[in-house]
Structure formats: C-alpha cells, structure tokens
Amino acid sequence: MAQYLKTSKSLSERQQANKQISIVVENTLADIEQRGNAAIRELSIKFDNYDRQDYRLSQSEINACIKQLSRQDIKDIEFAQQQVFNFATAQKGCLTDLEIETRPGVILGHKNIPINAVGCYVPGGKYPLLASAHMSIITANVAGCSRIISCAPPFNGRPAPAIVAAQAMAGATEIYALGGIQAIGAMALGTDTIAPVDMLVGPGNAFVAEAKRQLFGRVGIDLFAGPTETLVIADESVDAEMCATDLLGQAEHGVTTPAILLTNSLKLAQETMREVERLLTQLPTAEIARQAWRDYGEVIVCDSYEEMLQEADRIASEHVQVMTNRDDWFLANMTNFGALFLGPRTNVAYGDKVIGTNHTLPTQKAARYTGGLWVGKFMKTCTWQKVLSDEASAEIGSYCSRLCQLEGFSGHAEQANIRVRRYGNQHVPYAGTVPAVDIEKAS
C-alpha cells in the first residue's frame, strides 16, 4: 500500500481558482472579438506596459534583436534548433500517404496535409522561454505549414531579444511582441491587422491555457495545458541530491507546479525531502520553487516496483524522470506519460531545452489519452475514395442501399440506387432497396 509522506493542495482548491480564471478569460475574449486592436492595445499596456500601434515586428526590429545576442548565444540556439529539426524530420518520415485496393476496382487512401495557418505562442512573462519557439515553429515548418505566426510577450517592456532571435531563426513568417490572452485572442479571432489562424499551439500561463480551451472548436489547439508537472521515479540506485535537483528543476516553473517523488525506499524519500530543503537555501529561483514544493509537492513510498508502476500510470504526469535499476522495464510497461527520461544521465531540462524531443506535453492527466506536440499535430490525415469500375460501384451500391434503408435513410439509399441502376443495369424503385444477395451463393 502506497504511503504518502507529503501531499499537495486539494483538487477543490485548484478548481476554485480555475473558475475565477475562466470568467476573466471569457470576458476578455468577448472584448477582443468586439473591439479588436483597441482591446488588444489596452491589454498590452495594462499587463506588459508595452504600447504600439502595430505589434508585428519589422525586419529591422528583428535584426536589432538578433544583434544583441553573442555569437555563442546564436550558436547555442542553432544547435538546439537543429536537434528539434532532426527529430521532427524523422517523425515526419513515419507519416506516409496511403493508397490501397480493398476490393477489385475500389481504391481507398489517405493524405497527410499540413495545416495552412498556425499560431505559435512563446511564453516570456516570467522567463524568456525561447525554447518554445524551437518546439512549435520548427515543427510546424517541418510539417509544411505555409503561414506560421508567433507571439511572445515583451520582457521588461520591450521585445525579448533571445525569443525574437529564436522565432526568426526557426522560420516564423510573422512575429508579434504580444502576450497573454490578447495574443491568443488576436491569433484565433483575428483583428484589423492580424489574420486569424487555423490552429493554436504552445504553452503558457493559466490564462493562456484557459483562452486556448475556450477557443477550441473555432480553431484547433495542440493540448489542454495546465501547470508544468514532474514525476521522479527512483530507487536506491540514485541518491537524494539527484532526486531533489530534478524535482526543484521543474518546481521553479511556477508556484502551482506539481513535483512528485515516487520511490520504493523510505530512506531515499526521507533523505530527498531533507535535500530539497537544503537546496532551497541555495537555488536562485527558490522563492517560486519553495512555494510550489510546499503546496504541490508530493512524496509517495511504494512497496514494490509493480506498485510504483501502478501509481505512475494513475498520476499520468507530463514529465517522468526514471532513475532505477529497471529503467527499460518502466519504458516497456508504463502507459500514461507525456515524456519519459530514462536514467540519471538524462533529465527533463534536456527535453525542455535542447535534446530534440518536443517539450509541449500533456498535463492534468491528459497523458491517459494523448501524447505531446509533434509534427503530426500540424497535419491532417484526410481520407479519399475512388471506384474504378461499373461492377465495383454496383456491388458497393447494393450493400449501401440495404444498409441505408436499415437505418431509415431513403435519401442515402437513393445515392446508392442510382449507381446500381446506371452501372449495374438493375431495376431498383426510387427510394427502394436493392434486392438481397443469395447468402449461400455469396459465401
């Protein structure tokens, strides 16, 4: 039986906060839809202390941002973007068009078609998270999207140079210094100066996530995202410092970030809790990480590896760091996770920033039914059909006619009947049913 040494805030407390956010977002989106650019400008001034008539950056502004970065900064961004490009390209190679003759004269297929216009949100209010530009813009480019616009909030009252550089280097076709609900609303709803997109992607704060949720249906989205989550699965093959470091490394994202240790060692659990407190006295971002750990940190001690696996699938965390003597066993048997990081030599920060896999991942137990952002999210797999012969059309039509009438759809049946008449030379009354086949003869 799992033992909880430390628990987090109750679900009801979190839900209450979400209700308040939902109301604010709903009202704000309605204002953006009604007043367009005027509403967006007011919001940008209010929340980012940033005012301009057109929030799209010119090429000269983009170039000025790039010039502020050192050669090493540019080289590091290029390295990270190349890794994302390489993996996304390999993933796209798994997506193939299909054409198959399922019966004589009946051809079925599908095509993988890029989404035309996507909007990529790059968070930057608390930290300039340029890595999100790699993950969304490059992946959309690999998919073949023709219009890729990108929004990131200004940082300290001006466009964040590193984010702008990353957006440009990744290949965004339009770059806007715009953040929060106003950015999401502008991209999805459109304004006098921003044409609407077909899909929104990218992480963000609770208001950004709620805006995407409310706009889903009008546009596509990548995921219903919540705060970043991390789960460390560990046994005594690793030490408490490693576990505590990996927990706090994600807890610094925000004060509502869940960070959970799952172990089969009471000794490691207790030592990790002490080590967390020690590291919080040194970590520059300790103010945020301490509150996240206090309110949303958990420590769970299990009796066996099998129970650890069961708990991990129940938690269905966004990031799962596995450091045990059975890492590959967890890879083979875990079913609910956003991304796995196997062994002490890798970690979630590698995935977040540079290793090449995408860091936009499912949260709030969504890993039970979806994976994260990848090149396939930017593509539509659309089916097509072709019937080549009279005989094939008449054969399919006879089955279709009877099945339609079984459901009571006479108009559907007539679509089949007219083809049975023309291509099968059979007499079928209007809105009637094609006579049944001889079952024994057919078999």
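**A quick tour: T263, an open sheet and a surface patch**

Leaving aside residues up to four places away in sequence, T263 touches A234, D235, L268, A269, I300, V301, C302 and M308. Please keep in mind that this is a predicted model. The points below start with T263, move on to a five-stranded sheet, and finish at a nonpolar patch on the surface.

**T263 and its strand**
- You will find T263 in strand β10, which covers residues 259-263.
- T263 counts as buried because its relative accessibility is 0%, and the cut-off for buried is under 20%.

**The open sheet**
- Five strands, in the order β6-β5-β4-β7-β8, make up an open sheet with parallel pairing.
- At its edges are β6 (174-177) and β8 (220-221), each of which pairs on one side only.
- Strands of a sheet pair through backbone hydrogen bonds, in either a parallel or an antiparallel way.
- Five bridges link strand β4 (residues 117-121) to strand β5 (residues 147-152) in the parallel sense.
- If you want a spot to look at, V118 has I148 in β5 as its bridge partner.
- Helix α6 (residues 161-170) lies across β5 and β6, and runs at about 175° to β5.

**The nonpolar patch**
- L98, I100 and L108 make a nonpolar surface patch of about 230 Å².
- One of these residues, L98, belongs to strand β2, residues 98-103.
- L98 counts as partly exposed because its relative accessibility is 39%, and that class lies between the 20% and 50% cut-offs.

Conventions: Residues numbered from 1 in each chain as written. Predicted model: local features only at pLDDT ≥ 70, side-chain atom pairs only at ≥ 80, totals over all residues. Heavy atoms only, no water. Patch = residues over 30% accessible without salt bridge, like charges linked within 9 Å, V, L, I, M, F, W, Y side chains within 5 Å. Areas by Shrake-Rupley, 256 points an atom, 1.4 Å probe, with all protein chains shown as cover. Salt bridge = Lys/Arg side-chain N within 4 Å of Asp/Glu carboxyl O. Helix = DSSP H or I, 4+ residues; strand = E, 2+ residues; numbered from the N terminus. Buried < 20%, exposed > 50% of the residue type's maximum accessible area, 1.4 Å probe, protein only. Pairing = 2+ DSSP bridges. Contact = heavy atoms within 4.5 Å. Axes fitted to C-alpha atoms, helices over the stretch in contact; angles between N-to-C directions.
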